[in-house]
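Visitor: Mind walking me through this one? I'd like to start with a loop and then look at some strands.

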Amino acid sequence: MFFHDMRRLERIQRLTMSLGDAWTFFSDPANLPVITPPELGFTMAGPLPPRMHPGMIASYTVTPFGLIRLGWITEITHVEEPHFFVDEQRFGPYRFWHHQHHMREVPGGVEMHDIVHYILPFAPFSRIIAGQVAKQLDTIFDFRHKTLQKMFSTTL
């Protein structure tokens with residue numbers, strides 16, 4: 001494995017909502033389809049428990065490049081309600097995926113801070129598509145930002 005092929009995506013967004021409301025929304029995997037671009041074909045593939053907890057498994061399918069439908073299974077590995085949780089890919093399109101979700105109160109609302117570390121499969125050949133994947137992740141997080149802005153009037 002080429003650890004120097006690990007990539008990082010970081011996004012910060014402020015929302016005019018309470019920390020409790022932010023936690024309720026973001027800790028519910030059933031809300032993922034709402035904040036994911038429709039063209040990814042994101043679909044929940046299994047039942048979810050009523051409350052997030054460490055060890056929780058979420059299964060879904062995605063169509064990342066419009067051609068092949070892929071299964072993706074993540075595990076919630078850390079939960080510090082209402083401030084922090086981590087989802088890690090167990091099976092799916094990445095060799096490694098670790099997504100930290102941080103939430104903290106700020107004047108007028110809450111600040112969401114996402115940190116994603118990922119490694120593409122098939123190194124060193126994955127370097128050929130690394131730019132395209134990074135661009136797609138930016139597009140996904142841009143969509144998420146705009147959708148949340150519409151839903152929660154982010155004007156902080």
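Visitor: Where does Thr63 lie?
Guide: Keep in mind that this is a predicted model. Strand 3 covers 57–62, and Thr63 lies in the loop between strand 3 and strand 4.

Visitor: Is Thr63 buried or exposed?
Guide: The cut-off for buried is under 20% relative accessible area. Thr63 has 13% relative accessibility, so it counts as buried.

Visitor: Which residue has a side chain joined to that of Thr63 by a polar contact?
Guide: Leaving out residues up to four places away in sequence, Thr63 touches Glu39, Leu40, Ile68 and Arg69. The polar contact between side chains is 2.5 Å, and the partner of Thr63 in it is Arg69.

Visitor: What separates the C-alpha atoms of Thr63 and Thr43?
Guide: Along the chain, these two are 20 residues apart. In space, their C-alpha atoms are separated by 9.5 Å.

Visitor: Now strand 5: why is it largely enclosed by the rest of the structure?
Guide: Strand 5 spans residues 84–91, eight residues in total. It is largely enclosed because the number of those residues that are buried is six.

Visitor: Which residue in strand 5 does His78 stand opposite?
Guide: Strand 4 (residues 70–80) pairs with strand 5 in the antiparallel sense over seven bridges, and a hairpin of three residues joins the two. Opposite His78, in strand 5, stands Val86.

Visitor: And which residue in strand 6 is the bridge partner of Phe85?
Guide: Strand 5 also pairs with strand 6 (residues 96–106), antiparallel, over five bridges. In strand 6, the bridge partner of Phe85 is His101.

Conventions:
Residues are numbered from 1 along each chain as its sequence is written. This is a predicted model: local features need pLDDT of at least 70, side-chain atom pairs count only at pLDDT 80 or more; totals for chains, interfaces and linings use all residues. Side-chain values use heavy atoms; hydrogens and water are left out. Buried means under 20% relative accessible area, exposed over 50%, partly exposed in between (1.4 Å probe, protein chains only). Helices (H or I, at least four residues) and strands (E, at least two) are DSSP runs, numbered from the N terminus. Two strands pair if DSSP finds at least two bridges between them. Contact means heavy atoms within 4.5 Å. A polar contact is a pair of N or O atoms within 3.5 Å; within protein, one must be able to donate a hydrogen and the other to accept it, and residues adjacent in sequence count only if both atoms are side-chain atoms.
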